[in-house]
Amino acid sequence: MDKRVRRWVLVLLLGMSATGMCGAEEDVTLVRQQGAVQLDSRDGRQVVTTGADGRAVVKAGAAGFLVVERNSRLEIARTNGAANVFRQLSGMVFYALNRLRADSSPLQVHTATAVIGVRGTRFLVVEQAGRQEIGMRKGQVTVTSAREEFEIHRRQEQDEFAAFRQEANEAMARERRAFADYQAKNAREFVEFRREFQLGADRMVSFDGQRVTETALGEQTRREMEGLEQFAAQWLPLVED
């Protein structure tokens, strides 16, 4: 091989190593911002803060994209150089995260209430005064209590009745009878105590201390997701979930 060719091959390999192709830390970058947004580095972690008029789309290395709503604060930490631990301190964040490879470190979202284990999915987390929620767009997450067991209330009958009311074309009298039947079922609401549970697509949970209420994805939460998806529309097609 010509000496000049060998030299250029060596330069290329060194450049790949320096830019992360050989295990360097993944970049955490702002790919879009609006209004007051800060990205600071502290003790090896990145902290994203948005003001009252701020929004941001963050590329979290190979993990995927985070869409940070107004008045929010998110801390991003690493394991073995990979950005894979997201501590949501306040506000609202939409997570669009890639499917994990076999050699990937686990992805986790931490809130004051729970640890959310992720394997390639899209979901919204709200950490606001008086409102703590997880809303699922697609995929599945594992939710583990940060403290003692959750008291989980599931309202499947209510969801089915809501769908029935939207689709049925019947008289109001019949609907009232159906609603009375629903109320009788709901009086025997199913409750269980567990430290961990799964949450799937088009479902949501709200937290009140250790009490968890699971329902179908609510209209307000869906609209908030869609607004953040629209803000990040240029980048979300890149997510492999």
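These are my notebook entries on a predicted model of one protein chain.

**Entry 1: confidence and overall make-up**

I began with the confidence of the prediction, and I noted that the chain averages a pLDDT of 84, with 78% of the residues scoring at least 70. I then looked up residues 7–24, where the pLDDT is below 50, and wrote down that this stretch has 4 contacts in the model beyond near neighbours in sequence.

For the secondary structure I recorded 4 helices and 17 strands. The chain has 241 residues, and buried residues make up 41% of them. When I looked at contacts between residues at least 6 apart in sequence, I found that 58% join residues at least 24 apart. The accessible surface comes to about 13300 Å², and 48% of that surface belongs to carbon and sulfur atoms.

**Entry 2: the nonpolar cores**

I kept in mind that in soluble globular proteins, nonpolar side chains tend to be buried together. In this model the largest nonpolar core has 35 residues, and those that touch the most other members are Leu-66, Ile-76, Phe-86, Tyr-95, Leu-97, Phe-123 and Ile-134. Strand E7, which covers residues 82–97, gives this core its largest share, 5 residues.

Which residues does Leu-66 touch, not counting residues up to four places away in sequence? I listed several of them, including Ala-56, Val-57, Leu-74, Ile-76, Phe-86, Val-93, Tyr-95 and Leu-97. Apart from the largest core I noted another core of 17 residues, among them Phe-65, Ala-96, Phe-231 and Ala-232.

**Entry 3: aromatic rings**

I next turned to the rings, and the count came to 4 aromatic pairs. A pair of aromatic rings is described by the distance of the centres and the angle of the planes. For Phe-150 and Phe-197 I wrote down centres 5.6 Å apart and planes at 70°, and because an angle over 60 degrees counts as edge-to-face, I entered the pair under that name. Phe-150 lies in strand E13 (residues 150–154) and Phe-197 in strand E15 (residues 196–200), so this pair ties together parts that are 47 residues apart in sequence.

Are these two rings buried or exposed? Phe-150 has a relative accessible area of 0% and Phe-197 has one of 1%, so I entered both as buried, for which the value must be under 20%.

Phe-150 also forms an aromatic pair with Phe-207, and this one is tilted, with 5.7 Å from centre to centre and 50° between the planes. Phe-207 is in strand E16 (residues 203–208), and the pair links parts of the chain that are 57 residues apart. I checked burial here too, and Phe-207 is buried, as is Phe-150.

Elsewhere I found that Phe-86, Tyr-95 and Phe-123 form one aromatic cluster, and I noted that these three are also listed among the residues touching the most other members of the largest core. I also looked up Phe-231, and found the charged end of Arg-55 over its ring, 5.4 Å from the centre.

**Entry 4: two residues with positive phi**

Last, I looked at the backbone in two loops. Asp-43 has a positive phi of about 55° although it is not a glycine, and its place is the loop between strand E2 (37–42) and strand E3 (45–50). Asp-43 has a relative accessibility of 73%, so I entered it as exposed.

Asn-71, which is not a glycine either, has a positive phi of about 50°. I located Asn-71 in the loop between strand E5 (64–68) and strand E6 (73–79).

Note on methods: Residues numbered from 1 in each chain as written. Predicted model: local features only at pLDDT ≥ 70, side-chain atom pairs only at ≥ 80, totals over all residues. Heavy atoms only, no water. pLDDT = per-residue confidence, 0-100. Contact = heavy atoms within 4.5 Å. Core = buried A, V, L, I, M, F, W, Y, C linked by side-chain atoms within 4.5 Å. Buried < 20%, exposed > 50% of the residue type's maximum accessible area, 1.4 Å probe, protein only. Phe/Tyr/Trp six-rings, centres within 6.5 Å; stacked < 30°, edge-to-face > 60°. Lys NZ or Arg CZ within 6 Å of the ring centre and 35° of its normal. Areas by Shrake-Rupley, 256 points an atom, 1.4 Å probe, with all protein chains shown as cover.
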